[in-house]
Every structure is written in structure tokens, then in C-alpha cells.
Amino acid sequence: MNPYSYYPGYIQQQTEYYIPYDYELYTQQQEQEEFERQQSQSLGGFERRIRNLERQNQQQAREIARLNQIVERHTFRLNRLNQRLRVVENRLNIPFASQDGF
């Protein structure tokens with residue numbers, strides 16, 4: 001009996017110690033990595049742009065709120081002046097016409 005013989009029906013598998021280099025696969029991987037890096041950089045740029053736009057939006061919202069307060073204050077003053085003018089017109093017997101717009 002030969003200790004080095006194989007069992008009947010056994011086919012010896014030859015193991016490859018050298019894996020052939022696939023240059024095309026390597027270039028595809030490099031291109032994919034480059035694409036992903038560009039994507040992340042552009043996404044970083046998009047995120048930065050979004051943050052800037054959000055900050056501008058908040059500044060504009062604050063400015064709008066401030067201007068609305070100014071408009072309300074002036075509207076209140078105009079209404080008060082109109083009331084005082086009506087009182088003066090009534091005391092001086094100046095007729096009120098609906099075309100005056102008040």
C-alpha cells in the first residue's frame with residue numbers, strides 16, 4: 001500500500017500560489033475610488049453651500065422681521081396722526097370727503 005497514493009476517484013487539485021494580475025480590474029478600482037473621492041468633495045462643497053444658504057436665509061428672515069416691526073410702528077404712527085388730523089379738522093369745521101381716502 002502506497003501512503004502517497006490518492007483514493008480512487010480523487011482528483012488532485014493544484015493550488016496556485018501566484019494569482020495573475022488583472023490590470024483592467026485595478027484601473028476600474030482606481031477610477032471608482034477617484035469617482036468616490038470627487039463625489040465626496042463635491043458633496044462637501046454642496047453641504048458647505050447649503051450651510052451658507054441656510055445662514056443667509058436666517059439673516060434675511062431676521063431682517064424681514066425687523067423691517068416688519070418698523071412698518072408696523074410707522075403704520076401705528078400714521079393712523080394716530082390721521083386721528084389727530086380728524087380731530088383738528090372737526091374743530092375747524094373742515095368738511096370730510098370720502099375721496100380723501102380715509
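A salt bridge is a side-chain nitrogen of Lys or Arg within 4 Å of a carboxyl oxygen of Asp or Glu. The legends below apply this term to a predicted model.

**Figure 1. The salt bridge between glutamate 63 and arginine 66.** The structure holds 1 salt bridge. In this pair, the side chains of glutamate 63 and arginine 66 meet with an N to O distance of 2.7 Å, which satisfies the criterion because the limit is 4 Å. Both residues belong to helix H1, where 3 residues, about one turn of the helix, set them apart. Glutamate 63 counts as partly exposed because its relative accessibility is 35%. Arginine 66 is also partly exposed, with a relative accessible area of 41%.

**Figure 2. A nonpolar surface patch of Leu43, Phe46 and Ile50.** Together, these three side chains contribute about 300 Å² of accessible area. Leucine 43 is part of helix H1, which covers residues 23-91. With a relative accessibility of 44%, leucine 43 is classed as partly exposed, since that class lies between the 20% and 50% limits.

**Figure 3. Asparagine 93, in the segment after H1.** Phi of asparagine 93 is near 55°, a positive value in a residue other than glycine. Most residues other than glycine have a negative phi. Asparagine 93 counts as exposed because its relative accessibility is 68%, and the exposed class begins over 50%.

**Figure 4. The chain as a setting for the close-ups, with 1 helix and 0 strands.** The chain has 102 residues, of which 2% count as buried. Its accessible surface comes to about 10600 Å². Carbon and sulfur atoms account for 54% of that surface. Helix H1, residues 23-91, holds leucine 43 of the nonpolar patch, and the glutamate 63 and arginine 66 pair also lies in H1. Asparagine 93 lies in the segment after this helix.

Technical notes:
Residues are numbered from 1 along each chain as its sequence is written. This is a predicted model: local features need pLDDT of at least 70, side-chain atom pairs count only at pLDDT 80 or more; totals for chains, interfaces and linings use all residues. Side-chain values use heavy atoms; hydrogens and water are left out. Patches are made of residues with over 30% relative accessible area and no salt bridge: like charges are joined within 9 Å, nonpolar side chains (Val, Leu, Ile, Met, Phe, Trp, Tyr) within 5 Å. Accessible areas come from the Shrake-Rupley method with a 1.4 Å probe; for residues, only the protein chains shown count as cover. Helices (H or I, at least four residues) and strands (E, at least two) are DSSP runs, numbered from the N terminus. Buried means under 20% relative accessible area, exposed over 50%, partly exposed in between (1.4 Å probe, protein chains only).
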